[in-house]
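Reader: I should like to study a protein model by means of questions and answers. May we place the sequence and structure before us and begin?

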Amino acid sequence: MDQWVDRLAPQLAALVALAEHDGHMTRAAAALGVPQSSMSRRVHALEAELGVPLLLRAGRGVRLSPGGAELARRARDPLRQIGSAAAALAGDADPDHGVVTFGFPLTLGSGLVPELLAAFRHRHPGIRVQLTQAHGAQLEADLLSGALDLAITIPAPAKARHTIIGTQHIQAVLPESHPRAAARRLRLQDLASETFIANPPSYNLRRLTEAWCAQAGFTPDIGFEVTEFATIRELISRGLGVALLPGDERTPPGIVERPLTGARYERDIALCWATATEAPVTRRLSEFLASGFAREEGQ
(Lines give C-alpha, C1' and ligand atoms only; values in the text may rest on other atoms or scores of the structure.)
Protein backbone atom coordinates (compact mmCIF):
# COMPACT_ATOMS: atom_id res chain seq x y z
CA MET A 1 0.00 0.00 0.00
CA ASP A 2 1.15 3.56 -0.74
CA GLN A 3 2.95 4.96 2.31
CA TRP A 4 0.79 8.08 2.39
CA VAL A 5 -2.43 6.07 2.42
CA ASP A 6 -1.06 3.74 5.07
CA ARG A 7 0.04 6.60 7.34
CA LEU A 8 -2.58 9.25 6.75
CA ALA A 9 -6.00 7.63 6.12
CA PRO A 10 -7.32 8.08 9.71
CA GLN A 11 -6.09 11.67 9.82
CA LEU A 12 -7.58 12.45 6.40
CA ALA A 13 -10.91 11.01 7.53
CA ALA A 14 -10.80 13.38 10.50
CA LEU A 15 -10.04 16.35 8.26
CA VAL A 16 -12.89 15.48 5.88
CA ALA A 17 -15.31 15.13 8.79
CA LEU A 18 -14.21 18.49 10.13
CA ALA A 19 -14.79 20.09 6.72
CA GLU A 20 -18.26 18.55 6.44
CA HIS A 21 -19.22 19.95 9.87
CA ASP A 22 -17.93 23.50 9.24
CA GLY A 23 -15.02 23.21 11.65
CA HIS A 24 -17.17 22.04 14.57
CA MET A 25 -14.86 19.62 16.34
CA THR A 26 -17.51 18.05 18.60
CA ARG A 27 -19.92 17.26 15.76
CA ALA A 28 -17.12 15.94 13.54
CA ALA A 29 -15.91 13.67 16.35
CA ALA A 30 -19.47 12.38 16.90
CA ALA A 31 -19.81 11.66 13.16
CA LEU A 32 -16.66 9.52 13.28
CA GLY A 33 -17.58 7.95 16.61
CA VAL A 34 -14.35 9.04 18.32
CA PRO A 35 -13.61 11.31 21.31
CA GLN A 36 -13.05 14.97 20.55
CA SER A 37 -9.51 14.68 21.86
CA SER A 38 -8.79 11.98 19.27
CA MET A 39 -10.12 14.23 16.51
CA SER A 40 -7.84 17.04 17.55
CA ARG A 41 -4.81 14.74 17.79
CA ARG A 42 -5.47 13.30 14.34
CA VAL A 43 -5.70 16.66 12.63
CA HIS A 44 -2.65 18.05 14.42
CA ALA A 45 -0.73 14.87 13.54
CA LEU A 46 -1.68 15.42 9.91
CA GLU A 47 -0.39 19.00 10.11
CA ALA A 48 2.88 17.75 11.56
CA GLU A 49 3.21 15.02 8.92
CA LEU A 50 2.63 17.41 6.02
CA GLY A 51 4.37 20.42 7.53
CA VAL A 52 1.57 22.84 6.59
CA PRO A 53 -1.19 24.49 8.67
CA LEU A 54 -4.60 22.92 8.15
CA LEU A 55 -6.65 24.74 10.81
CA LEU A 56 -7.16 28.41 11.58
CA ARG A 57 -8.63 29.90 14.72
CA ALA A 58 -12.12 31.36 14.23
CA GLY A 59 -13.29 32.94 17.47
CA ARG A 60 -13.70 30.13 19.99
CA GLY A 61 -13.66 27.48 17.26
CA VAL A 62 -11.64 26.57 14.21
CA ARG A 63 -11.97 26.60 10.44
CA LEU A 64 -9.97 24.92 7.73
CA SER A 65 -7.16 26.83 6.09
CA PRO A 66 -7.33 27.10 2.27
CA GLY A 67 -4.85 24.24 2.03
CA GLY A 68 -6.83 22.17 4.53
CA ALA A 69 -10.08 22.78 2.67
CA GLU A 70 -8.50 21.76 -0.64
CA LEU A 71 -7.00 18.59 0.85
CA ALA A 72 -10.37 17.67 2.42
CA ARG A 73 -12.14 18.23 -0.92
CA ARG A 74 -9.70 16.01 -2.81
CA ALA A 75 -9.63 13.29 -0.14
CA ARG A 76 -13.41 13.08 0.37
CA ASP A 77 -14.36 10.98 -2.65
CA PRO A 78 -11.49 8.43 -2.46
CA LEU A 79 -12.22 7.87 1.23
CA ARG A 80 -15.93 7.38 0.53
CA GLN A 81 -15.15 4.93 -2.27
CA ILE A 82 -12.92 2.91 0.04
CA GLY A 83 -15.70 2.90 2.65
CA SER A 84 -18.32 1.88 0.08
CA ALA A 85 -16.13 -0.91 -1.27
CA ALA A 86 -15.59 -2.24 2.25
CA ALA A 87 -19.30 -1.92 3.03
CA ALA A 88 -20.20 -3.74 -0.17
CA LEU A 89 -17.85 -6.61 0.66
CA ALA A 90 -19.06 -6.82 4.24
CA GLY A 91 -22.71 -6.61 3.22
CA ASP A 92 -22.72 -9.23 0.47
CA ALA A 93 -23.92 -11.88 2.91
CA ASP A 94 -26.98 -9.83 3.89
CA PRO A 95 -27.84 -7.19 1.25
CA ASP A 96 -31.43 -6.80 2.45
CA HIS A 97 -30.69 -5.06 5.75
CA GLY A 98 -29.28 -1.57 6.19
CA VAL A 99 -29.90 2.11 5.62
CA VAL A 100 -29.90 4.12 2.37
CA THR A 101 -29.93 7.92 2.37
CA PHE A 102 -31.96 8.91 -0.71
CA GLY A 103 -32.91 12.30 -2.09
CA PHE A 104 -35.34 13.39 -4.81
CA PRO A 105 -36.77 16.66 -6.16
CA LEU A 106 -39.83 18.48 -4.88
CA THR A 107 -41.39 18.09 -8.34
CA LEU A 108 -41.49 14.30 -7.86
CA GLY A 109 -43.18 14.45 -4.47
CA SER A 110 -46.35 12.89 -5.87
CA GLY A 111 -46.90 10.07 -8.32
CA LEU A 112 -44.27 7.58 -9.42
CA VAL A 113 -41.48 8.07 -6.85
CA PRO A 114 -43.70 7.70 -3.74
CA GLU A 115 -45.37 4.70 -5.39
CA LEU A 116 -41.99 3.05 -6.03
CA LEU A 117 -40.78 3.79 -2.50
CA ALA A 118 -43.92 2.19 -1.06
CA ALA A 119 -43.47 -0.89 -3.26
CA PHE A 120 -39.78 -1.09 -2.31
CA ARG A 121 -40.66 -0.98 1.38
CA HIS A 122 -43.08 -3.89 0.99
CA ARG A 123 -40.55 -5.94 -0.96
CA HIS A 124 -37.51 -5.10 1.20
CA PRO A 125 -38.74 -4.38 4.75
CA GLY A 126 -35.25 -4.80 6.20
CA ILE A 127 -33.90 -1.77 4.29
CA ARG A 128 -34.60 1.61 5.85
CA VAL A 129 -34.68 4.56 3.44
CA GLN A 130 -33.92 8.00 4.87
CA LEU A 131 -35.54 10.60 2.58
CA THR A 132 -34.52 14.12 1.65
CA GLN A 133 -36.32 16.46 -0.76
CA ALA A 134 -34.57 19.46 -2.30
CA HIS A 135 -33.89 21.11 -5.64
CA GLY A 136 -31.27 19.68 -7.99
CA ALA A 137 -28.27 21.79 -6.98
CA GLN A 138 -28.72 20.93 -3.31
CA LEU A 139 -29.15 17.22 -4.06
CA GLU A 140 -25.93 17.19 -6.07
CA ALA A 141 -24.10 18.98 -3.26
CA ASP A 142 -25.41 16.43 -0.75
CA LEU A 143 -24.24 13.58 -2.98
CA LEU A 144 -20.77 15.05 -3.36
CA SER A 145 -20.48 15.72 0.39
CA GLY A 146 -21.54 12.17 1.26
CA ALA A 147 -24.79 13.22 2.93
CA LEU A 148 -26.72 11.12 0.37
CA ASP A 149 -25.98 7.65 -1.00
CA LEU A 150 -28.40 7.93 -3.91
CA ALA A 151 -30.56 10.61 -5.51
CA ILE A 152 -32.87 11.40 -8.38
CA THR A 153 -32.09 14.82 -9.81
CA ILE A 154 -33.64 17.05 -12.45
CA PRO A 155 -31.67 17.87 -14.53
CA ALA A 156 -28.69 15.49 -14.57
CA PRO A 157 -25.86 16.68 -12.28
CA ALA A 158 -22.65 18.11 -13.64
CA LYS A 159 -20.28 16.15 -11.39
CA ALA A 160 -21.96 13.14 -9.76
CA ARG A 161 -22.05 9.76 -11.51
CA HIS A 162 -25.50 9.23 -13.04
CA THR A 163 -27.70 7.61 -15.65
CA ILE A 164 -30.77 9.07 -17.37
CA ILE A 165 -33.91 7.18 -16.34
CA GLY A 166 -36.74 9.35 -17.62
CA THR A 167 -38.05 12.62 -18.98
CA GLN A 168 -40.11 15.31 -17.29
CA HIS A 169 -42.41 17.18 -19.67
CA ILE A 170 -43.05 20.87 -19.01
CA GLN A 171 -46.43 22.39 -19.82
CA ALA A 172 -48.14 25.77 -19.70
CA VAL A 173 -50.36 26.11 -16.62
CA LEU A 174 -53.19 28.65 -16.86
CA PRO A 175 -56.26 29.72 -14.88
CA GLU A 176 -59.47 28.11 -16.15
CA SER A 177 -60.74 31.60 -16.90
CA HIS A 178 -57.82 32.39 -19.23
CA PRO A 179 -58.85 33.22 -22.83
CA ARG A 180 -56.56 30.47 -24.16
CA ALA A 181 -57.60 27.81 -21.63
CA ALA A 182 -59.81 26.09 -24.22
CA ALA A 183 -56.93 25.57 -26.68
CA ARG A 184 -55.59 22.02 -26.89
CA ARG A 185 -52.00 23.24 -27.37
CA LEU A 186 -50.21 26.55 -27.01
CA ARG A 187 -47.19 28.30 -28.43
CA LEU A 188 -45.02 29.90 -25.78
CA GLN A 189 -45.14 33.24 -27.59
CA ASP A 190 -48.92 33.23 -26.99
CA LEU A 191 -48.09 33.97 -23.33
CA ALA A 192 -45.69 36.86 -23.99
CA SER A 193 -47.98 39.46 -22.37
CA GLU A 194 -48.78 37.37 -19.28
CA THR A 195 -47.52 37.66 -15.71
CA PHE A 196 -45.45 34.57 -14.88
CA ILE A 197 -45.16 32.81 -11.53
CA ALA A 198 -41.78 31.10 -11.28
CA ASN A 199 -39.18 29.59 -8.97
CA PRO A 200 -36.30 31.70 -7.60
CA PRO A 201 -33.39 32.33 -10.01
CA SER A 202 -31.24 29.53 -8.54
CA TYR A 203 -33.73 26.87 -9.68
CA ASN A 204 -33.15 25.05 -12.96
CA LEU A 205 -36.78 25.44 -14.06
CA ARG A 206 -36.56 29.23 -13.60
CA ARG A 207 -33.47 29.36 -15.81
CA LEU A 208 -35.18 27.18 -18.41
CA THR A 209 -38.32 29.34 -18.30
CA GLU A 210 -36.27 32.45 -19.03
CA ALA A 211 -34.26 30.70 -21.77
CA TRP A 212 -37.32 29.25 -23.48
CA CYS A 213 -39.13 32.61 -23.37
CA ALA A 214 -36.05 34.30 -24.85
CA GLN A 215 -36.09 31.77 -27.69
CA ALA A 216 -39.78 32.63 -28.20
CA GLY A 217 -38.87 36.31 -28.51
CA PHE A 218 -39.77 37.84 -25.15
CA THR A 219 -38.63 38.31 -21.56
CA PRO A 220 -41.13 36.89 -19.05
CA ASP A 221 -42.66 39.30 -16.55
CA ILE A 222 -42.04 37.44 -13.26
CA GLY A 223 -44.70 38.66 -10.85
CA PHE A 224 -44.10 36.10 -8.09
CA GLU A 225 -41.16 33.90 -7.07
CA VAL A 226 -42.20 30.72 -5.24
CA THR A 227 -40.23 27.60 -4.32
CA GLU A 228 -43.16 25.18 -4.02
CA PHE A 229 -44.96 24.05 -7.20
CA ALA A 230 -48.16 23.37 -5.28
CA THR A 231 -48.21 27.01 -4.17
CA ILE A 232 -47.60 28.19 -7.72
CA ARG A 233 -50.65 26.21 -8.85
CA GLU A 234 -52.73 27.71 -6.05
CA LEU A 235 -51.77 31.22 -7.14
CA ILE A 236 -52.60 30.41 -10.76
CA SER A 237 -56.01 29.08 -9.74
CA ARG A 238 -56.68 32.53 -8.27
CA GLY A 239 -55.89 34.22 -11.56
CA LEU A 240 -52.56 35.73 -10.50
CA GLY A 241 -50.53 34.52 -13.47
CA VAL A 242 -49.32 31.60 -15.57
CA ALA A 243 -46.35 29.25 -15.26
CA LEU A 244 -44.30 26.57 -16.97
CA LEU A 245 -44.46 23.49 -14.74
CA PRO A 246 -44.11 19.71 -14.90
CA GLY A 247 -47.37 17.99 -15.77
CA ASP A 248 -49.36 16.76 -12.79
CA GLU A 249 -52.33 14.41 -13.12
CA ARG A 250 -53.74 15.72 -9.85
CA THR A 251 -54.35 19.25 -11.11
CA PRO A 252 -56.30 21.26 -8.52
CA PRO A 253 -59.57 22.99 -9.44
CA GLY A 254 -59.35 26.30 -11.24
CA ILE A 255 -56.38 25.62 -13.52
CA VAL A 256 -55.64 23.84 -16.80
CA GLU A 257 -52.40 22.40 -18.18
CA ARG A 258 -51.66 22.60 -21.89
CA PRO A 259 -48.79 21.11 -23.94
CA LEU A 260 -46.46 23.56 -25.66
CA THR A 261 -45.55 23.27 -29.34
CA GLY A 262 -42.50 24.39 -31.27
CA ALA A 263 -39.58 23.18 -29.12
CA ARG A 264 -38.45 20.51 -26.67
CA TYR A 265 -39.97 21.62 -23.38
CA GLU A 266 -38.70 18.84 -21.14
CA ARG A 267 -35.95 17.92 -18.68
CA ASP A 268 -33.94 14.74 -18.15
CA ILE A 269 -34.47 12.77 -14.94
CA ALA A 270 -31.23 11.24 -13.63
CA LEU A 271 -30.45 8.57 -11.05
CA CYS A 272 -27.21 9.55 -9.30
CA TRP A 273 -24.68 7.92 -6.98
CA ALA A 274 -22.34 9.36 -4.39
CA THR A 275 -19.49 6.98 -5.25
CA ALA A 276 -18.38 4.63 -8.00
CA THR A 277 -19.07 1.62 -5.76
CA GLU A 278 -22.56 0.99 -4.40
CA ALA A 279 -23.24 -0.76 -1.11
CA PRO A 280 -25.60 -3.74 -1.62
CA VAL A 281 -28.58 -1.99 0.01
CA THR A 282 -28.03 1.08 -2.18
CA ARG A 283 -27.83 -1.12 -5.26
CA ARG A 284 -31.13 -2.78 -4.26
CA LEU A 285 -32.87 0.61 -4.26
CA SER A 286 -31.17 2.01 -7.36
CA GLU A 287 -32.03 -1.05 -9.44
CA PHE A 288 -35.62 -0.99 -8.18
CA LEU A 289 -36.05 2.69 -9.06
CA ALA A 290 -34.41 2.32 -12.47
CA SER A 291 -36.65 -0.61 -13.42
CA GLY A 292 -39.74 1.27 -12.20
CA PHE A 293 -38.94 4.30 -14.34
CA ALA A 294 -38.17 2.05 -17.31
CA ARG A 295 -41.64 0.48 -17.04
CA GLU A 296 -43.24 3.92 -16.80
CA GLU A 297 -41.32 5.25 -19.82
CA GLY A 298 -42.25 2.14 -21.82
CA GLN A 299 -45.98 2.66 -21.37
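Reader: Which residue in the turn of the hairpin formed by β1 and β2 has a positive phi?

Author: This is a predicted model, in which local features need pLDDT of at least 70 and side-chain atom pairs count only at pLDDT 80 or more, while totals for chains, interfaces and linings use all residues. Residues are numbered from 1 along each chain as its sequence is written, and side-chain values use heavy atoms, leaving out hydrogens and water. Strands are DSSP runs of E with at least two residues, helices are runs of H or I with at least four, and both are numbered from the N terminus. Two residues lie between β1 and β2, and the one in the turn with a positive phi, of about 65 degrees, is glycine 59.

Reader: How many bridges join strand β1 to β2?

Author: Two strands pair if DSSP finds at least two bridges between them. Strands β1 (residues 55-58) and β2 run antiparallel, and leucine 56 stands opposite arginine 63 in β2. The number of bridges joining β1 to β2 is four.

Reader: Which side chains of strand β2 are buried?

Author: Buried means under 20% relative accessible area, exposed over 50%, and partly exposed in between, with a 1.4 Å probe and protein chains only. The side chains of β2 (residues 61-64) alternate, and Gly61 and Arg63 point to one face and are not buried. Pointing to the other face, the buried ones are Val62 and Leu64.

Reader: Where in the protein is confidence highest?

Author: The predictor's confidence in each residue is its pLDDT, from 0 to 100. The mean for the protein is 86, and 92% of its residues reach 70 or more. Confidence is lowest in helix α1 (residues 3-20), at a mean of 69, and highest, at 97, in strand β8 (residues 195-198).

Reader: Why is the pair of phenylalanine 120 and phenylalanine 288 called edge-to-face or stacked?

Author: Rings of Phe, Tyr and Trp (its six-membered ring) pair if their centres lie within 6.5 Å; planes under 30 degrees apart count as stacked, over 60 as edge-to-face and the rest as tilted. By this rule there are four aromatic pairs. Because the rings of phenylalanine 120 and phenylalanine 288 have centres 5.4 Å apart and planes at 70 degrees, the pair is edge-to-face.

Reader: How many residues apart are phenylalanine 120 and phenylalanine 288?

Author: Both phenylalanine 120 and phenylalanine 288 are buried. Phenylalanine 120 lies in helix α5 (residues 112-123) and phenylalanine 288 in helix α9 (residues 280-298), and the pair links parts of the chain distant by 168 residues.

Reader: What is the angle between the planes of tryptophan 212 and tyrosine 265?

Author: Tryptophan 212 is buried, with a relative accessible area of 7%, and tyrosine 265 is buried at 9%. Their aromatic pair is edge-to-face, with 5.1 Å centre to centre and an angle between the planes of 85 degrees.

Reader: Which residues have the most contacts inside the largest nonpolar core?

Author: A nonpolar core is a set of buried Ala, Val, Leu, Ile, Met, Phe, Trp, Tyr and Cys residues joined through side-chain atoms within 4.5 Å. The largest has 27 residues, and those with the most contacts inside it are Leu188, Leu191, Ile232 and Leu244.

Reader: Which residue does a cis peptide bond join to isoleucine 154?

Author: Most peptide bonds are trans. Here omega is about 0 degrees, and the partner of isoleucine 154 in the cis bond is proline 155.
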